[in-house]
Amino acid sequence: MLDPVEAITNAFPDAIQDVIEFRGEITLVVDSDRIVSVCRFCRDTKGLEYNFLSDVSGVDYYPQEPRFAVSYHLYSMVHNRSLRLKVYLPSDNPVVSSVTSIYPAANWSEREVYDLFGVYFTDHPDLRRLLMPEGWDGHPLRKDYPLGYETVQFSFNFDEIDRHKPYARE
Amino acid sequence: MTGLQDSVWEGDIQQLKGLVSERALSGETMVLNMGPQHPSTHGVLRLMLELDGEEIVSCVPDIGYLHTGIEKSMESKRYEQAITMTDRMDYLNPMGNNLVYCLAIEKLCELDVPLRAQYLRVLLAELTRINSHLVWLGTHALDIGAMSVFLYCFREREKILDIFEMVSGQRMMSTYFRPGGLWRDVPEEFEPAVRDFIDYFPARIDDYERLLTNNPLWLDRTQGIGFLSAEDAIRLGCTGPVLRGSGVNWDIRKAIPYSSYDHFEFDVPLGTHGDIYDRYLIRIEEMRQSLRIVRQALDNLPKGPVRSNNRKYVPPPRSELGTSMEAVIHHFKLWTEGFRPPKGEVYVRVESPRGELGCYLVSDGSPRPWRVHFRTPSFIHLSALPHIAKGHLIADLVGIIGTIDIVLGDADR
Amino acid sequence: MGLTSKLGDLGVVTVRLEDAVNWARTRAMWPMLFGLACCAIEMMSTQASVYDLSRFGMELMRPSPRQSDLMIVAGRVTRKMAPVLRQLYDQMPEPKWVISMGDCASCGGIFNNYAIVQGVDEIVPVDVYVAGCPPRPEQLIHGIITLHERIKQERITDWA
């Protein structure tokens, strides 16, 4: 059983930007160009064997720069431990390589991140919108996307709201 | 609202290029739409099927018809307010969703949970598991053609819902788990009611098994269908009974025990064939094991408080408000502003009835979560559906959708 | 229900046409099986053993809109689902009624955000709103009986 931080930083000395330990969870901040090779290393190296990808999720750190982050939660069923890889992406060009070829489980998770954050994944087999309808404007989970609050209909504004409901009185 | 007719598809087959095979484009195979309004898709799942006769050549799921924006809404709510949203995500497993979110907050804040609360959480989470499996069994059997199982399952389910209502006041959306423990202690009638249930229920499981397990019709429709190998299951990210049906022994309750699951004795049932029938047997056995856990939790239920004493995160009890100025200040602060967890990010996983339910919580130090993401089992299992369904008859697709036990609220969030 | 008969009239019953039609409509109403979210589970409970909706002649849930006359919108309606819902409503034959079950279908409930239609009455006309998140089966049954009462008030002049 290898120490993941040591093994990965030794193998990729220039790709690991930062190592964070918080509440017993290890986060490796990886250079966005190298994420596929780091993932392959994590999966295939004897002693690491992170064979299971739990989750891929996006974070929007607006208005900080680099604005976007994509977190990969790896888990090793062999050694019963987990690891988080994180890549930071700039706001003007949020593009990262897809890890679908290493972990097929990432397929829909990456599509979801694309749909809700507008982060592009190159070499993804089928990068389409997943949750929102096709042709939806914008990416809802971005921080500059409004929540979309609608005024609630009460007796004092009943008629005003009712005008937005042309189908209600057929 | 404008553009109501927008999504009625009137295009030609060439638009589906890339999604279906070349044979479909030339008209050799048939493209069929299934859902989102279909009795056996367990909600609003839409599938685009390419059929060669009755055989499924490919299957393209389309989800999002129940995308509720829960993650975005949670970002605009305070940590405690957002618990109500988690209930409505996987609506067959509300207590489990509460649990994973509360565990994430507790990990972020290093909040302690009293042992009594942990045991009650385990107890209620296991009752929720039985509850969820009952709905699964009823609807799954109904899809395949066994109507009476549905009626029996829902009869027993009402008893569990009565227990939930007793502790929380709500049948389904209980919001009973809070950061640092539980909303309040269980009432006196709780213990006899649960004891009644655990005495009554084992014979009912035998009843279901008598109806299905050796039923030749059931065997014909389930054995050897929906096969998934162990390697593929891990590769595709399957968890829970789907993974264990393929023979991989991985249960988060055993592997990474949370909420004192390590205090309880239970077995993890495993399958050998990886087909619908094995997963059926596993879920039936899981109900028995859950009963075992419930019994142990009830027998060894410690006395004591059910909520942490950390006044930075947990509001003081009502009795203190009349006597202590400090309690009033804490109360006021917590209900007007909310608590401020430290900056950081955590990922917590629990075993939901469907598989690994993960919560990824990013805090920026403000009273509202910066980002909450749920890794939901139905979502990942649905992405594996094309792989499982390929090559089967269209009639078996109904059984395959049932066996991966999807909840669309869980998949779409 | 206004059924009148003369004693000793050898079973001949006289009744107003609208009463007879309304009686028939309420006693065998076929709801469409249209589950969306959490409320659908409570709708299933309503039909299952303990609450037994078939007491009201409603055990037959039709998966097809063309065979049903009552749509119970059980759950939150998303922007993606809204056109589908409208199409299903248009496919139902007249006369048809809509029950909006639960807070989300009635007014958006706790989900006041970009994805959820704030009340299904933006898309289809609703006859009865059932409050609750989710409503108990008794509440849904009460909503259905309220709809029955309402149908019984309908007059022949309204049908045209």
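Reader: What area do domain 1 of chain B and domain 2 of chain B bury between them, and why is it called buried?

Author: In this predicted model, the two domains bury about 1,500 Å² between them, 71% of it on carbon and sulfur atoms. Buried area is the accessible area, taken with a 1.4 Å probe, that two parts lose on being put together, summed over both, so the value covers both domains. Within domain 1 of chain B, His42(B), Glu54(B) and Ile56(B) supply 40% of the area buried against domain 2 of chain B, more than any other three residues.

Reader: Why are these called domains, and where do their bounds lie in chain B?

Author: The bounds come from an automatic or database domain assignment, which divides chain B into domain 1 (5-62) and domain 2 (70-309 + 339-412). Their C-alpha centres lie 31 Å apart, while 18 residues from domain 1 of chain B and 17 residues from domain 2 of chain B take part in the contact, meaning heavy atoms within 4.5 Å.

Reader: How many salt bridges does the rule find between these two domains of chain B?

Author: The rule finds zero salt bridges across that interface. Three residue pairs are in polar contact there, both residues being at pLDDT 80 or more; such a contact is a pair of N or O atoms within 3.5 Å, where within protein one must be able to donate a hydrogen and the other to accept it, and residues adjacent in sequence count only if both atoms are side-chain atoms.

Reader: Why is the meeting of Lys86(A) and Glu345(B) called a salt bridge?

Author: A salt bridge is a side-chain nitrogen of Lys or Arg within 4 Å of a carboxyl oxygen of Asp or Glu. The side chains of Lys86(A) and Glu345(B) meet at 2.9 Å, N to O, and therefore satisfy that rule. The count between chain A and chain B is six salt bridges, and 22 residue pairs are in polar contact across the interface of these chains.

Reader: What area is buried between chain A and chain B, and which residues of chain A lose the most?

Author: About 3,900 Å² is buried between the chains, with carbon and sulfur atoms giving 58%. Arg23(A), Trp108(A) and Leu131(A) lose the most area to chain B, together 19% of what that side buries. The contact takes 47 residues from chain A and 50 residues from chain B.

Reader: How are residues and chains labelled, and which pLDDT limits apply?

Author: Residues are numbered from 1 along each chain as its sequence is written, and chains are lettered from A and ligands numbered from 1 in the order in which they are written. Local features need pLDDT of at least 70 and side-chain atom pairs count only at pLDDT 80 or more, whereas totals for chains, interfaces and linings use all residues, and side-chain values use heavy atoms, with hydrogens and water left out.
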